[in-house]
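Dear colleague,

I am passing on the structure we spoke about, with some notes for you to read alongside the coordinates. Please look through it before you go on to the text below.

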Amino acid sequence: MSERRIRGTRKKKDPNAPKRSLSAYMFFANEQRDVVRAENPGIAFGQIGKLLGEKWKALDAAGKVPYEAKAEEDKKRYELEKLEYQKTLA
DNA sequence: GGCGTGATTGTTAGG
DNA sequence: CCTAACAATCACGCC
């Protein structure tokens, strides 16, 4: 039953809440957003979302590499904040 | 020792 | 301001 808790009501979890990190999608979306939207002037968000996601994997495992790479480095970013958060929280 | 959970991340668009 | 598809994530805490 792991239905990704559809973001209905974000609840607080930690006092400092370091917030995890981004995902490969976020980095990929960062580039697609201006690209996809540029090719789809006036496209509705609902369509972009789908069209974006299908293309996301549609490109190539190596294509997402750069995004993955950033996702990994971003994680480290969160890793640090969370570490500091734990220490400061404790 | 292995497990599941929840929380979060960012984009788009419009009322 | 918020939500919803789209996807990944993945660290955290726990017995």
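What follows covers the surface near the DNA strand and then the packing of two helices.

Please keep in mind throughout that this is a predicted model. DNA strand C is surrounded by 16 residues, the closest of which are R20, F45, K50, K75 and K82, and of the atoms of the strand that come within 4 Å of the protein, sugar and phosphate account for 67%. By class, this surface near DNA strand C is made up of six charged, five polar and five nonpolar residues.

Three polar contacts reach different parts of the strand: a polar side-chain atom of S23 lies 3.0 Å from a base nitrogen of DNA strand C, a backbone N or O atom of G49 lies 3.1 Å from a sugar or linking oxygen, and a polar side-chain atom of K75 lies 3.2 Å from a phosphate oxygen. Helix 1 (24–39), helix 2 (45–58) and helix 3 (65–89) each give two or more residues to the surface near the strand, with helix 2 providing the largest share, six residues.

Turning to the packing, the axes of helix 1 and helix 2 come within 10 Å and cross at roughly 120°, which means that helix 1 is oblique to helix 2; the crossing is right-handed. In this contact, residues of helix 1 including Y25, F28 and V36 meet a set in helix 2 that includes I48, L52 and W56, and the residues of the contact divide into nine nonpolar, three polar and two charged.

With best wishes

How values were computed: Residues are numbered from 1 along each chain as its sequence is written. Chains are lettered from A and ligands numbered from 1 in the order in which they are written. This is a predicted model: local features need pLDDT of at least 70, side-chain atom pairs count only at pLDDT 80 or more; totals for chains, interfaces and linings use all residues. Side-chain values use heavy atoms; hydrogens and water are left out. A residue is near a molecule or strand if one of its heavy atoms lies within 4 Å of it. A polar contact is a pair of N or O atoms within 3.5 Å; within protein, one must be able to donate a hydrogen and the other to accept it, and residues adjacent in sequence count only if both atoms are side-chain atoms. Helices (H or I, at least four residues) and strands (E, at least two) are DSSP runs, numbered from the N terminus. Ala, Val, Leu, Ile, Met, Phe, Trp, Tyr, Cys and Pro count as nonpolar, Asp, Glu, Lys and Arg as charged, and the others, Gly among them, as polar. Axes are lines fitted to C-alpha atoms, for helices over the stretch in contact, and angles run from 0 to 180 degrees between N-to-C directions. Angles under 35 degrees count as roughly parallel, over 145 as roughly antiparallel, 65 to 115 as roughly perpendicular and the rest as oblique. A crossing is left-handed if the near helix is turned anticlockwise from the far one by less than a right angle, and right-handed if clockwise. Contact means heavy atoms within 4.5 Å.
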